[in-house]
Amino acid sequence: MSNKITAAITGISGFVPEDKLTNFDLEKMVETNDEWIRTRTGIEERRILKGEGKGVSEMIVPAVKALLEKKGMDAAEIDCIIVATVTPDMVFPATANIVADKVGAKNAFGFDISAACSGFLYALTQGAAFIESGRYKKVIVVGADKMSAIVDYTDRATCIIFGDGAGAALLEPREDGTGIKDSILKSDGSGAQYLRLKAGGSAYPATAETVARREHYAYQEGQTVFKFAVKGMADVSAELLERNNLTGDDITWLVPHQANLRIIDATANRIGLPREKVMINIQKYGNTTAATIPLCLWEWESKLKKGDKLVLAAFGGGFTWGATLLEWAY
């Protein structure tokens with residue numbers, strides 16, 4: 001038994017909207033087809049949050065409430081809420097604060113993290129540090145995005161990829177050695193030109209011109225991002241295992257960001273994991289940005305056993321990437 005405090009995921013929940021956008025729906029919107037999308041990305045459909053005035057918090061709140069109900073926990077017990085998202089309800093206040101108010105977390109402080117598809121890993125590492133400090137006992141880490149709000153549905157390079165969803169994890173202290181073991185997080189701002197949302201910030205505030213130039217939509221240079229993502233996710237996962245004297249044989253599950261099936265396969269191959277040890281749900285939800293990893297954990301929760309070793313790996317816009325090693329706590 002170890003006396004060192006670690007931060008462990010002790011509960012997981014998720015939420016996806018009911019409305020589906022299939023590849024066949026997209027065939028009617030842009031010049032593409034089901035076979036092309038499936039063979040190049042692995043995506044068959046994605047979920048879309050519809051309704052005026054519904055921001056990303058509309059998906060986070062039910063995910064957090066379901067998590068609290070599952071744990072038999074009162075919202076007042078939450079110390080902190082961290083929301084990883086690039087589609088906040090508004091520039092400020094933080095979506096985390098809006099969520100805290102909506103779920104009744106009166107004693108929690110909250111903030112948002114913007115790291116695109118790597119956001120959940122960044123938030124998880126931050127939340128773990130709060131737990132390991134001994135000051136906080138219950139931290140909720142959320143990965144959520146309403147990508148339909150920033151996707152141009154006339155741009156076939158991006159509209160086929162993204163969907164909406166939210167996942168929430170509860171972090172609590174453990175002294176049995178389970179929990180988050182290690183994280184390697186990286187970023188490279190020179191990648192901003194290849195994957196970004198140009199307007200709406202302080203550099204290019206919203207004007208009639210920025211709207212006319214469609215600069216408030218996500219832009220991606222697909223081939224360049226693909227090459228960086230394959231190398232970034234695979235390299236950092238291999239580095240994480242090497243640093244912890246582990247091989248693929250020691251890992252129960254790879255939990256990869258769901259951006260593209262070929263990127264997922266490349267990462268699995270690099271660390272020597274067969275497809276049956278890889279969590280894949282991209283066919284159902286597409287790329288939900290910060291939500292992909294927690295949504296996988298939520299869907300696979302019943303298959304996870306205490307002591308299972310998991311590698312979580314992600315790559316995101318601008319660029320961000322990373323990998324986390326954890327031992328499942330329940």
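**Figure 1. Helix α9 and its buried residues in the predicted model.** In helix α9, which spans residues 261–270, the residues L261, I263, I264, T267 and A268 are buried. Viewed down the axis of α9, these buried residues fall within an arc of 160 degrees, so they line one face of the helix. The buried residues of α9 pack against three helices and a strand, namely α2 (34–41), α8 (222–243), α10 (282–285) and β11 (253–256). The N-terminal end of α9 is capped by N260, a side-chain oxygen of which lies 2.7 Å from the backbone nitrogen of R262. After α9 comes G272, whose phi is positive, near 75 degrees.

**Figure 2. The largest nonpolar core and the surroundings of F315.** In soluble globular proteins, nonpolar side chains tend to be buried together. The largest nonpolar core of this model has 43 residues, and those with the most contacts inside it are I251, L254, V311 and F315. At least two residues of this core are supplied by each of α8, α9, β12 (309–316) and β13 (320–327). Helix α8 gives the largest share of the core, seven residues. Beyond four places in sequence, F315 touches C117, S118, V225, F228, A229, G232, M233, H257, T320 and W321. Another core, of 35 residues, lies apart from this one and includes I131, V139, L304 and W328.

**Figure 3. The four-stranded open sheet.** The strands of this sheet follow the order β8-β13-β12-β11, and their pairing is mixed. Strands β8 (179–187) and β11 stand at the edges with a single partner strand each, so one side of each is left without a neighbour in the sheet. From one strand to the next, the twist averages 15 degrees. Eight bridges connect β12 and β13, which pair in the antiparallel sense. One of the bridge pairs places A313 opposite A323 in β13. Helix α5 packs on the sheet, where α5 touches β8, β12 and β13, and the direction of α5 makes about 130 degrees with that of β8. Helix α8 lies across β8, β11, β12 and β13 and runs at about 150 degrees to β12.

**Figure 4. The environment of T324 in strand β13.** T324 is found in strand β13. Its relative accessibility is 0%, and T324 therefore counts as buried. The side chain of T324 makes a polar contact with the side chain of S183, at 2.8 Å. Leaving aside neighbours within four places in sequence, the residues in contact with T324 are L121, L124, T125, I180, D182, S183, L240, L310, V311 and L312.

**Figure 5. The five-stranded open sheet and the helices packed on it.** The order of the strands is β1-β7-β6-β4-β5, with mixed pairing. At the edges are β1 and β5 (109–113), each of which pairs on one side only. Neighbouring strands of this sheet are turned by 20 degrees against each other on average, direction ignored. Strands β6 (residues 139–146) and β7 (residues 164–174) are antiparallel and pair over eight bridges. Among the bridge partners, D145 is matched with G165 in β7. Helix α4 (residues 95–103) packs on the sheet and touches β4 (80–84) and β5; the direction of α4 makes about 140 degrees with that of β5. Helix α5 (residues 119–132) also packs on this sheet, touching β1, β4, β5, β6 and β7, and its direction makes about 165 degrees with that of β6.

**Figure 6. Strand β7 with its partners, and T10 in strand β1.** Nine of the 11 residues of β7 are buried, so this strand is largely enclosed by the rest of the structure. Strands β1 and β7 run antiparallel and are joined by nine bridges. Within β7, L171 has I9 standing opposite, and V139 likewise stands opposite L171. T10 lies in strand β1, which comprises residues 6–15. With a relative accessible area of 6%, T10 is under the 20% limit and is therefore buried. Not counting residues up to four places away in sequence, T10 touches K71, L170, E172, R174 and Y330.

Terms used: Residues are numbered from 1 along each chain as its sequence is written. This is a predicted model: local features need pLDDT of at least 70, side-chain atom pairs count only at pLDDT 80 or more; totals for chains, interfaces and linings use all residues. Side-chain values use heavy atoms; hydrogens and water are left out. Buried means under 20% relative accessible area, exposed over 50%, partly exposed in between (1.4 Å probe, protein chains only). Contact means heavy atoms within 4.5 Å. The arc is that of the directions from the helix axis to the C-beta atoms. A polar contact is a pair of N or O atoms within 3.5 Å; within protein, one must be able to donate a hydrogen and the other to accept it, and residues adjacent in sequence count only if both atoms are side-chain atoms. A nonpolar core is a set of buried Ala, Val, Leu, Ile, Met, Phe, Trp, Tyr and Cys residues joined through side-chain atoms within 4.5 Å. Two strands pair if DSSP finds at least two bridges between them. Axes are lines fitted to C-alpha atoms, for helices over the stretch in contact, and angles run from 0 to 180 degrees between N-to-C directions.
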